[in-house]
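Student: Could you take me through one part of this model slowly, as I am new to reading structures? I would like to see how a strand is placed among its partners.

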Amino acid sequence: IASQVQGDILYFNGTNWVRLAPGTAGQVLQTQGASANPVWAAAGAGAVLEFADVGSNITCTNPGPTTKYGGFYGTGPSTTESSRHTYAPRAGTVTSMYVFTSSNVPAGQTLAVTFRKEILDESTLTCSVAAGTKTCNDAASVAVAVGDRIALKFECSGGTTAIAETFVMLTFN
């Protein structure tokens, strides 16, 4: 690789290692997904990662599903959504959701997680952690306005074994 300068990044373009010259001040490195090259892009308008911790006491009923609601910032689960929703601090877009459990979902069970806005399911932003796995994600987007009530709905079905500690990460732009 010739003409290297401080701040260069090397990446593989599928055939060769190539140089990506430094971006301009304030730009961020952005991936374009599988089979695409990274690029420099303008920083988002204050992207914030929101974490929800729903604890370790989501236990399915048989027959299910068992529904619990999770808030943000480690508030734990509740059967009452009004005790767990929060208000959107500004207008923006929730652009993706990632769900992680600390251990695999028990055999025969699933854990569905749905983003809720104004006490309604946003079916465009939902995913299910299948039995024997620990994660799911959804890259859909949902617009929110200042003051919208937002929460997460957790539905456990298929058994009576408690599901491990669950965390959710949302990207809010």
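Tutor: What follows is a close look at one strand and its pairings, and then at one residue elsewhere in the chain. Please keep in mind throughout that this is a predicted model. The strand to find is S10, which covers residues 92-101, and three other strands will come up as its partners. With strand S17, residues 166-172, S10 pairs in the antiparallel sense, and seven bridges connect the two; if you look along this pairing, you will find Phe-100 standing opposite Phe-167 in S17. Strand S13, which takes in residues 135-138, is also paired with S10 in the antiparallel sense, here over four bridges, and in this pairing Val-99 stands opposite Cys-136 of S13. Strand S14, made up of residues 142-144, likewise runs antiparallel to S10 and is joined to it by three bridges, with Thr-93 placed opposite Ala-143 in S14.

Now turn to Tyr-11, which belongs to strand S1, residues 9-12. Its relative accessibility is 16%, and because buried means under 20%, Tyr-11 counts as buried. When residues up to four places away in sequence are left aside, Tyr-11 touches Asn-16, Trp-17, Val-18, Leu-20, Asn-37 and Pro-38. Of these, Asn-37 deserves a careful look, since Tyr-11 and Asn-37 are 26 residues apart in sequence, while in space their C-alpha atoms are 7.9 Å apart.

Note on methods. Residues are numbered from 1 along each chain as its sequence is written. This is a predicted model: local features need pLDDT of at least 70, side-chain atom pairs count only at pLDDT 80 or more; totals for chains, interfaces and linings use all residues. Side-chain values use heavy atoms; hydrogens and water are left out. Buried means under 20% relative accessible area, exposed over 50%, partly exposed in between (1.4 Å probe, protein chains only). Contact means heavy atoms within 4.5 Å. Two strands pair if DSSP finds at least two bridges between them.
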